[in-house]
Amino acid sequence: MSRKSLAEISTPVRHFAIQLSATRRGARLARLLAERQLDEWGEAYDAAAQVVAELASNAVLHGRVQGRDFRLALRLHADRTLRIEVTDARGDRIPRLPEPAADDAEAGRGLRIVAAYAHRWGVAEAAAHGKTVWAELPLRQRDLPDSAD
């Protein structure tokens with residue numbers, strides 16, 4: 001494979017990024033903005049919205065530092081793989097897939113939801129002692145309404 005074709009494969013076709021307040025409202029807004037952006041790109045967004053909601057919620061609950069925001073980035077590649085990245089300020093708190101939660105537990109399912117939807121996910125160091133939690137998922141074809149003939 002030539003370098004040019006490798007670059008074409010790894011370069012996102014579409015990109016969206018936004019900085020949001022590390023609050024519950026910011027986490028809700030991350031999900032809504034992801035839904036709107038994917039809809040604007042003509043993509044189905046149900047699975048991606050779930051992943052964004054979980055990662056943004058985790059950034060607010062576990063990655064918050066007073067006065068620091070979190071960042072949401074969406075990268076849609078030519079092969080229709082969507083990479084979701086949420087960057088927060090707490091690089092010292094690395095998420096790990098927990099043991100299965102009890103049926104009546106109110107927490108502990110977020111990363112299991114991410115793992116269920118994502119083809120793969122992970123964590124990378126970010127600037128200023130932060131971290132980026134990312135997930136990649138293949139987008140399914142959007143269901144188009146039947147045309148009335």
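**Close-up 1. E85 and R83, two buried residues joined by a salt bridge.** In this predicted model, both E85 and R83 are buried. Their side chains form a salt bridge, with an N to O distance of 2.7 Å. E85 has a relative accessibility of 13%, and because buried means under 20%, E85 falls in that class.

**Close-up 2. The salt bridge between E85 and R75.** The side chains of E85 and R75 meet at 2.7 Å, N to O. E85 belongs to strand β3 (residues 81–88), whereas R75 belongs to strand β2 (residues 70–77). The two residues are 10 residues apart, and their pairing links distant parts of the chain.

**Close-up 3. The salt bridge between K131 and D88.** Here the N to O distance between the side chains is 2.8 Å. K131 sits in strand β5 (residues 130–138) and D88 in strand β3, so this salt bridge ties together parts of the chain that are 43 residues apart in sequence. K131 counts as buried because its relative accessibility, 4%, is under 20%. D88, at 7% relative accessibility, is also counted as buried.

**Close-up 4. A network of salt bridges that share partners.** R75, R83, E85, R120 and E136 are joined into one network. Within this group, E85 forms a salt bridge with R75 and another with R83. The structure holds 8 salt bridges, among them the pairs E85 and R75, E85 and R83, and K131 and D88.

Conventions. Residues are numbered from 1 along each chain as its sequence is written. This is a predicted model: local features need pLDDT of at least 70, side-chain atom pairs count only at pLDDT 80 or more; totals for chains, interfaces and linings use all residues. Side-chain values use heavy atoms; hydrogens and water are left out. A salt bridge is a side-chain nitrogen of Lys or Arg within 4 Å of a carboxyl oxygen of Asp or Glu. Helices (H or I, at least four residues) and strands (E, at least two) are DSSP runs, numbered from the N terminus. Buried means under 20% relative accessible area, exposed over 50%, partly exposed in between (1.4 Å probe, protein chains only).
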